[in-house]
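Hi there,

Here is the structure I promised to pass on. Have a look through it first, and then read on for what turned up.

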Amino acid sequence: MRVLLIGANGYLGRFVADRLLADPAVQLTALGRGDDADVRFDLASGSPGALTRFLDAVHPGVVVNCAGATRGGARELTRHNTVAVATVCEALRRSRCGARLVQIGCGAEYGPSQPGSSTAEDAVPRPGGPYGVSKLAATELVLGSGLDAVVLRVFSPAGPGTPAGSPLGRLAEAMRRAMQSGDGELKLAGLGAQRDFIDVRDVARAVHAASLSAAQGVINIGSGRAVRLRDAAAVLARVAGYGGALHELDGPPGQLRATIGHPRSESDHAGPVAYPYPDGCGSWQQADVRTARDRLGWRPRINLEESIADIWMEAACRI
């Protein structure tokens, strides 16, 4: 099976590439903006015609799109998450390859949900921010394209390679700084949010399964269990061997510290503040993952403690 992977050098894309390369039946070609891609191509500025010519030359059976942006203004997010996907869909429609499309979506497309509930694929999406809006628009383009396509709505990925700017990445960096400086007290904000964390390697397994399946439409990829960020912080402290005190600075969204883990000084009290989980999903998110089990034969294998241990291992290397 010849697979074209778009965004192979990104956080998710690297693990998807590793998973696909481990399958001896897969011939992998990587397309992206970086120098390490087999073919350099910018979806946000490249034309569908140019991508069509490449598809006809390579003739993949599956196209996996892991490319996109998680940060930036509405214009940048639209370019990289929506316009880019429009380019992929149009190029596939024009191409003679007839490839299946596996698009990586995200749980932020759903927006806020009722605490205690599990969000299934038939929930009406109400994204609460520009990132979720840009990803939802991409999903709608894929679903309306007429292509053989599936969208994997990935909830909160975690594990090795977790970006330092993510909530778990910021927690690990804050704890690293505290241990490096011998600080016996760590003040953390924004720990009340509950999210469905899923290990990035399990996400890669889901992408592999979706590539081989005939499933179409939207499929949630998560653990099926919401975890409070303060509980994740306690796991991180145990894994790291941090014996200091963890002090929580939670408050209403508009009154939380801008960055998780920065100790608060007297001068901080008047400073600007922001909710440190800016995905527009409110205080709770939990995936209903029965569709992934039934249609892909997929279940998560890696628990959150192992994911956090791997996040800490990378952070500890910077001590």
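Let's begin with the sheet. Seven strands form an open sheet, with parallel pairing, and their order is β3-β2-β1-β4-β5-β6-β11. The edge strands are β3 and β11, each of which pairs on one side only. As a general reminder, strands of a sheet pair through backbone hydrogen bonds, either parallel or antiparallel. Please keep in mind throughout that this is a predicted model.

At the β3 edge, β2 and β3 pair in the parallel sense over two bridges. If you want a residue to click on there, Gly-32 has Arg-40 in β3 as its bridge partner.

Two helices are worth viewing against this sheet. Helix α2 (residues 48-58) lies across β1, β2, β3 and β4, and runs at about 165 degrees to β2. Helix α3 packs on the sheet as well, where it touches β1, β4 and β5, and its direction makes about 165 degrees with that of β5.

Which residues of α2 are buried? They are Gly-49, Leu-51, Thr-52, Phe-54, Leu-55 and Val-58. The cover over these buried residues includes β1 (2-6), β2 (27-32), β3 (39-40), β4 (62-65) and α3 (74-94). Asp-56 also has its place in α2. Leaving aside neighbours within four places in sequence, Asp-56 is in contact with Ser-95, Arg-96 and Cys-97. The C-alpha atoms of Asp-56 and Gly-146 are separated by 19 Å, and these two residues are 90 residues apart along the chain. Just after α2 comes His-59, which takes a positive phi of about 55 degrees.

Another histidine to look at is His-80, found in helix α3. Is His-80 buried or exposed? His-80 counts as buried because its relative accessibility is 13%, and the cut-off for buried is under 20%. Not counting residues up to four places away in sequence, His-80 touches Arg-33, Ala-44, Gly-68 and Ala-69.

Now to β6 (residues 149-154), a strand that is mostly covered, with six of its six residues buried. Ala-149, Val-151 and Arg-153 point one way from β6, while Val-150, Leu-152 and Val-154 point the other way. So that you can find its neighbours, here are both pairings.

- With β5 (residues 100-106), β6 pairs in the parallel sense over six bridges. Val-151 in β6 is the bridge partner of Gln-103. The chain crosses from β5 through helix α4 (residues 130-143) to β6, and this β-α-β crossover is right-handed.
- With β11 (residues 217-221), β6 pairs in the parallel sense over five bridges. The bridge partner of Arg-153 in β11 is Asn-220.

Last, a pair of helices. The axes of α5 (residues 167-181) and α7 (residues 229-240) come within 10 Å and cross at roughly 40 degrees, which means that α5 is oblique to α7. The crossing of α5 past α7 is right-handed. On the α5 side, the residues that meet α7 are Pro-167, Leu-168, Leu-171, Ala-172, Met-175 and Met-179. Facing them from α7 are Leu-229, Ala-232, Ala-233, Leu-236, Ala-237 and Ala-240.

Best wishes

Conventions:
Residues numbered from 1 in each chain as written. Predicted model: local features only at pLDDT ≥ 70, side-chain atom pairs only at ≥ 80, totals over all residues. Heavy atoms only, no water. Buried < 20%, exposed > 50% of the residue type's maximum accessible area, 1.4 Å probe, protein only. Helix = DSSP H or I, 4+ residues; strand = E, 2+ residues; numbered from the N terminus. Pairing = 2+ DSSP bridges. Right-handed = clockwise from strand over helix to strand, strands pointing away. Axes fitted to C-alpha atoms, helices over the stretch in contact; angles between N-to-C directions. Parallel < 35°, antiparallel > 145°, perpendicular 65-115°, else oblique. Left-handed = near helix turned anticlockwise from the far one by under 90°. Contact = heavy atoms within 4.5 Å.
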